[in-house]
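Welcome, and please open the model in your viewer. We will go from stop to stop, selecting a few residues each time.

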Amino acid sequence: MNHRLQITTQRLELLPCSLGMAQAAVTKNKSEVERLLGVCVPDDWYASEVLDFFPMYAQMLRNDPSQLGWGVWLMIHIPDSTLIGDLGFGGKPNEQGTVEMGYEVLSAYRQQGFAFEAVEALVNFALTQPELKRIIAHSPDDHAASIRILEKLGMQQIGRDENLLKWELKLESR
């Protein structure tokens, strides 16, 4: 990614997760994570699903620093100066120009529009990258809020694997 790696929306600041931050998250070193981000990190963030990805993500960044921006982004609520979730991609676009996207918001901040605000901003940012042709995402078939977010982004449901729906956003003529 060749743009300034920080995105600011009306209520959020999105920051790509650095190698140092990823390493601190892997060890669940709360004081180091808070020091690196300069914000409060609620204890329940350490139970989020993204923590399982951090060891692999840290290795990705060690092997290829240009992965920064194509991995984990941290969602900071500006008024509270608090980490409220994370989102991002599973790495650089593959040979077909496809990335997989995911997101999670801490329970205290759900149903307030933060997920859509963050995901829309990150997708708009990613769409400026010429190598990107397609974004895919997955959502549980019973998770109405996630389904609404993906639909509002213009994603189309393209499949199902048991109770998991697969979505895509294709970029026109790229």
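Begin with strand S5, residues 98–105. S5 gives the most to the lining of the largest pocket, with six residues. Keep in mind as you look that this is a predicted model.

**The pocket**

Now show the pocket itself, which has a volume of about 1,100 Å³. Its lining counts 35 residues, and those closest to the centre are Gly102, Tyr103, Glu104, Val105 and Ser146. Select these five, then add the elements around them. Besides S5, two or more lining residues come from each of strand S4 (82–89), helix H4 (114–126), strand S6 (134–140) and helix H5 (144–152). If you colour the lining by class, you should find 17 nonpolar, 11 polar and seven charged residues.

**The sheet**

Next, switch to a cartoon view and follow the strands. Eight of them form an open sheet in the order S1-S2-S3-S4-S5-S6-S8-S7, with mixed pairing. Which strands stand at the edges? They are strand S1 (7–8) and strand S7 (156–161); each has a single partner strand, so one side of each is left without a neighbour in the sheet.

Zoom in on S6 together with strand S8, residues 164–170. These two pair in the antiparallel sense over seven bridges. For a landmark, select arginine 134 and you will see lysine 170 of S8 standing opposite.

**Strand S3 and its neighbours**

Move across the sheet to strand S3 (72–77). Are its residues buried or exposed? Six of its six residues are buried, so to speak a strand that is mostly covered. Turn S3 to see both faces: Val72, Leu74 and Ile76 lie on one side, with Trp73, Met75 and His77 on the other, and all are buried.

S3 pairs with S2 in the antiparallel sense over five bridges. Select proline 16 to find tryptophan 73 of S3 opposite. S3 is also joined to S4 by six bridges, and this pair too runs antiparallel. Here leucine 74 has aspartate 86 in S4 as its bridge partner. Follow the chain from S3 into S4 and you trace a hairpin with four residues between the strands. Serine 81, in the turn, has a positive phi of about 50°.

**Leucine 15**

Stay in this area and select leucine 15, in strand S2 (residues 12–16). Leucine 15 has a relative accessible area of 19%, and because the cut-off for buried is under 20%, it counts as buried. Show its contacts, leaving out residues up to four places away in sequence: leucine 15 touches Gln6, Leu37, Val72, Trp73, Leu74 and Ile76. You can also draw a distance from its C-alpha atom to that of serine 81; the two residues are 66 residues apart along the chain, and these atoms are separated by 13 Å.

**Helix H1**

For the last stop, select helix H1, residues 19–26. Met21, Ala22, Ala24 and Ala25 are buried here. Look down the axis of H1: its buried residues fall within an arc of 165°, so they line one face of the helix. What do they pack against? Their partners are helix H2 (30–37), helix H3 (54–63) and strand S3, which you have already visited. Finish just after H1 at lysine 28, which takes a positive phi of about 55°.

Note on methods: Residues numbered from 1 in each chain as written. Predicted model: local features only at pLDDT ≥ 70, side-chain atom pairs only at ≥ 80, totals over all residues. Heavy atoms only, no water. 1 Å grid on protein atoms, 1.4 Å probe; cavity = no way out; pocket = protein on both sides within 12 Å on 5 of 7 lines; lining within 4 Å. Points joined across faces, edges and corners; volume = space filled by probe spheres on them. Nonpolar A, V, L, I, M, F, W, Y, C, P; charged D, E, K, R; others polar. Pairing = 2+ DSSP bridges. Buried < 20%, exposed > 50% of the residue type's maximum accessible area, 1.4 Å probe, protein only. Arc of directions from axis to C-beta. Contact = heavy atoms within 4.5 Å.
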